[in-house]
There are 2 protein chains.
Amino acid sequence: MGTLSVFLDVPLAKRADIPLDFYREDPHPQKVLLGHAGCQTDAGEVWIPPVVQRVLLQISQDPTLNHEYLPELGIYEYTRAATELAIGKDSRALLENRAGGVHTVGGTGALWIGAEFLCRWYNPRFLNLSTVYIAKPQLDSLGCIFQVAGFKDIRPYHCWNPVKLTIDVEEFLQTLQNAPVGSIVFLHAPEEIGLKAQEWKAVATTMEKKQLFPFFNIESQGLASGNLDKDAWALRYFVGKGFELLCAQSFSKMFGLYDEMVGNLIVVTKNNQTLIRIHSQLGRQISTTWENPSSLGARVVAMVLNSPALLYEWKLSLRMLVERIMLIREKLKEKLRILGTPGSWEHLTAQSGICSFIGLRPSQVEFLVKHKHIYLFENKQINICSISSKNLDYVAQSIHEAVLATSSED
Amino acid sequence: MGTLSVFLDVPLAKRADIPLDFYREDPHPQKVLLGHAGCQTDAGEVWIPPVVQRVLLQISQDPTLNHEYLPELGIYEYTRAATELAIGKDSRALLENRAGGVHTVGGTGALWIGAEFLCRWYNPRFLNLSTVYIAKPQLDSLGCIFQVAGFKDIRPYHCWNPVKLTIDVEEFLQTLQNAPVGSIVFLHAPEEIGLKAQEWKAVATTMEKKQLFPFFNIESQGLASGNLDKDAWALRYFVGKGFELLCAQSFSKMFGLYDEMVGNLIVVTKNNQTLIRIHSQLGRQISTTWENPSSLGARVVAMVLNSPALLYEWKLSLRMLVERIMLIREKLKEKLRILGTPGSWEHLTAQSGICSFIGLRPSQVEFLVKHKHIYLFENKQINICSISSKNLDYVAQSIHEAVLATSSED
């Protein structure tokens with residue numbers, strides 16, 4: 001054989017999660033990673049609702065379950081219950097059989113299959129190539145999926161004003177207003193930074209006028225307010241208004257099952273016939289990508305959502321987690337107040353859920369990494385769950401020092 | 001909202017597995033599906049090695065396991081053990097750190113990621129667009145994956161002579177000889193129709209001469225001969241010859257875990273640096289497709305392969321299954337001999353493994369479906385496991401009638 005590789009020209013791919021690598025390699029005992037992907041307990045362990053652990057055990061002991069291939073579109077009891085959870089059991093779209101889910105390999109799998117589907121079939125009858133709008137903090141990670149799927153024009157929208165440290169719905173509406181007719185807009189619900197109902201309504205009105213297509217992402221329903229219905233309000237409002245839409249749903253955070261990749265791609269369209277045709281195309285895409293989804297996680301979710309007793313217990317666990325998150329937000333704000341850290345820290349409690357804009361400038365983030373062994377991701381959103389009673393004082397003190405050390409820049 | 005769907009033009013996708021649908025809808029009590037995807041017991045249940053069931057239970061009760069995200073490339077203990085199983089623990093490629101696996105969502109996931117990688121990065125330095133050769137029976141199902149990945153020129157090769165009912169290595173070699181330099185050839189190992197070592201060597205020689213790139217598929221190692229090493233001989237021979245190659249590996253059949261989608265994409269290249277760069281690109285592709293693989297199935301495989309006691313027990317189970325398969329082949333041939341069915345049925349025992357060319361003409365297959373409620377897939381390969389002591393007589397008698405009823409066509 002020749003000695004030259006046919007892969008001579010393959011370059012090293014740039015890794016996205018570099019703060020995680022630095023964190024892992026840092027031997028400092030007080031190091032903190034403020035960018036964990038999931039929910040953690042106060043002891044720094046992966047949070048998992050007790051009911052999920054019990055159901056996992058039950059499934060492994062169930063002699064009636066075999067390990068036969070699932071259908072391409074997955075476990076129906078799962079996709080049905082998951083879709084009901086998101087858009088509501090009484091949704092007219094469900095009653096009219098024009099909404100349904102497709103079981104995917106995690107939320108990313110739902111995004112991928114959805115983006116690929118839109119690239120092939122979305123036909124706004126105005127453009128050959130559609131524009132996709134993605135919120136700035138997610139532009140790198142999610143934009144990449146749409147780009148690989150074939151979209152050429154991917155643009156950011158801004159919803160968060162980093163100077164005022166508040167949401168800026170006016171700028172968002174302006175972007176939508178100026179968007180090419182028929183563009184796809186990627187929306188997050190629950191929206192941790194907290195668009196109010198009135199603001200969502202204005203977004204929907206503009207999107208309707210400009211015939212923009214909503215692609216929702218719902219990966220922490222219940223984790224923003226503690227209430228599953230409330231956190232799905234925006235999505236349900238769009239469905240109720242008659243929008244056709246896609247929604248990528250993930251249960252990783254809500255069930256503490258990150259390694260089982262339980263996702264669902266919800267399709268809401270105009271009528272049952274269109275839904276059947278769309279599902280047939282999604283099935284075909286899935287058959288060439290991963291053929292069938294894996295079952296364990298979806299079985300757990302289906303069992304919990306379809307049993308009133310287990311559902312009740314799971315909701316309680318969610319609420320307790322949300323209370324812990326709110327408490328951390330309060331405590332961090334209070335610590336910074338006591339330390340006399342310059343600036344307003346109201347935004348810490350004005351936002352909700354596990355993801356949060358911390359409101360630091362790049363130089364302050366750099367200070368935290370260099371001098372305090374505190375690691376943040378580039379988009380400057382932190383995971384509130386990464387703060388525990390053990391590291392709260394250290395984190396607050398470090399933020400205080402970072403702000404003071406860089407105050408001369410103002 | 002307007003009432004017209006933006007998905008008005010989405011057509012209904014053609015389903016590939018139509019025999020399965022017909023089988024499901026057929027109320028006939030003696031109906032038989034000869035095209036199951038996996039291994040079955042004589043009682044018609046999904047075959048699962050007892051050790052796998054025990055390990056599943058053990059994992060669910062292990063308090064030290066959490067459900068944190070896996071790394072993009074998956075569980076290292078799994079990919080390492082899986083790769084060793086395929087190319088051999090003592091493989092020079094492994095010792096030189098130029099071979100390694102990437103944990104994928106099933107064998108299909110490995111094919112998809114591999115095909116997409118080759119489409120982007122395979123550079124035979126002769127052509128802009130490579131040709132892909134796929135064995136005729138798999139052309140429809142696998143060709144589709146390469147097509148979606150971006151390959152334009154996908155051609156079949158024939159290895160089985162449907163008239164002589166034997167393998168036809170000469171035709172295969174001729175195809176390779178005439179292939180454009182640098183083409184990709186998709187190979188199956190263990191190759192159920194039974195290429196002999198000498199024939200594989202001739203294939204390798206021709207492929208080396210024409211600089212053809214081997215993409216192996218190994219989804220039933222151990223299920224052809226009952227011996228794991230013997231069934232990986234061809235793959236190991238290619239690796240030993242210094243070929244760069246990809247190999248999609250699936251554990252669904254071998255572990256009876258169809259619903260957990262445990263796959264591995266093995267990369268063998270020239271040196272460690274190239275392997276690292278290829279893995280980085282594969283990681284990037286995975287991050288936009290399913291982000292992380294799911295863990296349960298890979299944990300089971302890793303535990304079994306890495307424990308000498310469990311490995312021994314699993315090998316015994318495999319051997320017992322293979323003995324059952326061989327016995328069915330013998331019995332079916334014997335029944336047809338006793339019935340005096342015209343033609344030679346030697347090919348039933350000349351082949352091995354669960355997949356088998358049955359050697360029937362289209363009109364005979366049609367007769368079985370129409371008059372006997374026996375369903376086969378279009379590629380005319382049957383799953384020997386679908387025949388049990390309960391339906392053996394009926395299947396043999398039906399084949400006999402089908403051959404007699406259509407004998408006037410000769």
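Chain A can be laid on chain B by a turn of 180 degrees and a shift of 0.0 Å along the axis, with an RMSD of 0.0 Å (least-squares superposition on the C-alpha atoms of residues with pLDDT of at least 70 in both copies). The two copies are thus related as by a two-fold rotation axis. This is a predicted model, in which local features need pLDDT of at least 70 and side-chain atom pairs count only at pLDDT 80 or more, while totals for chains, interfaces and linings use all residues. Residues are numbered from 1 along each chain as its sequence is written, chains are lettered from A in the order in which they are written, and side-chain values use heavy atoms, without hydrogens and water.

**Symmetry**
- A:S60 is the residue of chain A that comes closest to the rotation axis, at 3.2 Å (C-alpha).
- Of the contact residues of chain A (contact: heavy atoms within 4.5 Å), 100% recur in chain B.

**Helix α16 of chain B**
- Helix α16 (residues 362-372; helices are DSSP runs of H or I of at least four residues, strands E runs of at least two, numbered from the N terminus) has the buried residues B:Q364, B:V365, B:F367, B:L368 and B:K372 (buried: under 20% relative accessible area; exposed: over 50%; partly exposed in between; 1.4 Å probe, protein chains only).
- These residues cover an arc of only 155 degrees around the axis, which puts them on the same side of α16(B) (the arc is that of the directions from the helix axis to the C-beta atoms).
- The exposed residues B:P362 and B:K370 lie on the face turned away from the buried side of α16(B).
- The buried residues of α16(B) pack against β12 (374-375) and α17 (392-405) of chain B.
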